[in-house]
Amino acid sequence: MKELGNTQFKNQNYSAACDYYTRGIELNSSEPVLYANRGTCLKLLGKYKESLSDYKKAVQLNPKNTKNMKKLSSVYVIVGNFGEAQILLQKCCNLEPEDSSHTYELNRVKKMVEDYEKIHEKMKEQKWDDVEEQSKKLLTDASAFIELQKIYIQSCLELCKFQDAIDYIKNKVSSSIKSKDEEFNYLLAKAYYFKGDYDLAKKEVNNLMRLGIVDEKLSKLKKYIETINDAKTKANSLFKSEKYDEAIKEYTKLAEFDPENKNFIAIILTNKALCLKKQGKNMEALKEVDEAIKNNPNYATAYIRRAL
């Protein structure tokens, strides 16, 4: 069975390979290589919990096999359990001190721990460009580290990179994780809302509520989504009617509608700047545009208004 599994593995038929290794385990449950090989297939299939279980069994059956220890540590790294990875790699160093690759891998994981701590420091300092860059880099190794994934998504939202956040949640976060952790669906709804795709945001919120998930932050988001268009309709109507003083008052109030929605604030301030410009108050208009760009550096219309 092992040879049949190996053949399927070489052909990258990992599910089929798993089946053969499973049959082999049913015939001989004390053979560590079968668990290790199946663990590798499961890892490549993105089934990290099951992969961890198989690698642990392989190490249990042969506690001195450093190859399997390193395989197990690699999955711990993927899911962000750097502590367990370090313990295993230290054991490898103790068992085979002459093998420099063990020390190299141990130091690499220690560096990941340092990088993760630095990311948290940057978050406290609200240096979101650094958080985005460093978390994205660390995710190349710890690709299924849930807390790090959320940090990266948060950094994208803070930087008004809404499509990046949406693409990451939809394409990089596994369906199994999203089904167990509703926070990702909430972040997706929030990204759509910030981007201005209110129908898609509402759909995500309603999906969560149908699952029986109703909390304060979700209810608050739902309220924002349902009222945001009405909130700006009055101000826009006043602008179209050339009632600039009244429109400015409405835009000023709207800028405080949702302090977290930097994109909406940028749009409102840019509209307010246009009112001021219509009144010949160019310096005041420039100030509003600068504040809009500060809120969302990616809002192209604000730069256009600034140049005019």
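**Figure 1. The largest pocket encloses about 520 Å³ of space.** Welcome to a close-up of this predicted model. The pocket is lined by 19 residues, and those closest to its centre are Gly46, Tyr48, Ser174, Ser176 and Ile177. Three elements each give two or more residues to the lining: helix H4 (48–61), helix H9 (146–158) and helix H11 (175–180). H4 supplies the largest share, with four residues. If you are thinking about chemistry, the lining splits into seven nonpolar, five polar and seven charged residues.

**Figure 2. Helix H5 covers residues 66–78.** Here we follow one helix from end to end. H5 has 13 residues, and the distance from its first C-alpha to its last is 18 Å, close to the 18 Å expected at 1.5 Å a residue. At the start of the helix, look for asparagine 65: one of its side-chain oxygens comes to within 3.0 Å of the backbone nitrogen of lysine 67. At the other end, just after H5, glycine 80 has a positive phi of about 85 degrees.

**Figure 3. The buried residues of H5 pack against four helices, H3, H4, H6 and H7.** The same helix is shown again, this time with its surroundings. Buried in H5 are Thr66, Asn68, Met69, Leu72, Ser73, Val75, Tyr76, Val77 and Ile78. Their packing partners are helix H3 (32–44), H4, helix H6 (82–95) and helix H7 (100–124). H4 may look familiar from the pocket view, where it gives four residues to the lining.

**Figure 4. Cysteine 18 sits in helix H2, which runs over residues 14–27.** Cysteine 18 counts as buried because its relative accessibility is 9%, below the 20% cut-off. Leaving aside neighbours within four places in sequence, cysteine 18 touches Arg38, Cys41, Leu42 and Leu45. For a handy distance to check, take the C-alpha atoms of cysteine 18 and arginine 38: they lie 5.3 Å apart, although 20 residues separate the two along the chain.

**Figure 5. Aspartate 181 lies in the loop between H11 and helix H12 (183–195).** Is this charged side chain's residue buried or exposed? Aspartate 181 is buried, since its relative accessible area is 17% and the limit is under 20%. Apart from neighbours within four places in sequence, its contacts are Ile146 and Lys150. H11, on one side of this loop, is also among the elements that line the largest pocket.

**Figure 6. Cysteine 160 is a residue other than glycine with a positive phi, near 60 degrees.** This backbone detail is worth a look in your favourite torsion plot. Cysteine 160 belongs to the loop between H9 and helix H10 (162–171). With a relative accessible area of 7%, cysteine 160 is buried. H9, which comes before the loop, gives two or more residues to the lining of the largest pocket.

**Figure 7. Glutamate 242 also has a positive phi, near 65 degrees, and is a residue other than glycine.** Its place is the loop between helix H14 (216–240) and helix H15 (244–254). Glutamate 242 is exposed because its relative accessible area is 57%, and exposed residues are those over 50%. A last distance to try: glutamate 242 and glutamine 279 are 10.0 Å apart from C-alpha to C-alpha, with their positions 37 residues apart in sequence.

Terms used:
Residues are numbered from 1 along each chain as its sequence is written. This is a predicted model: local features need pLDDT of at least 70, side-chain atom pairs count only at pLDDT 80 or more; totals for chains, interfaces and linings use all residues. Side-chain values use heavy atoms; hydrogens and water are left out. On a 1 Å grid over the protein atoms alone, a cavity is a set of points where a 1.4 Å probe fits but cannot get out, and a pocket is an open set with protein on both sides within 12 Å along at least five of seven lines; lining residues have an atom within 4 Å of a point. Grid points are joined across faces, edges and corners, and a volume is the space filled by probe spheres set on the points. Ala, Val, Leu, Ile, Met, Phe, Trp, Tyr, Cys and Pro count as nonpolar, Asp, Glu, Lys and Arg as charged, and the others, Gly among them, as polar. The expected span of a helix is 1.5 Å times one less than its number of residues. Buried means under 20% relative accessible area, exposed over 50%, partly exposed in between (1.4 Å probe, protein chains only). Contact means heavy atoms within 4.5 Å. A polar contact is a pair of N or O atoms within 3.5 Å; within protein, one must be able to donate a hydrogen and the other to accept it, and residues adjacent in sequence count only if both atoms are side-chain atoms.
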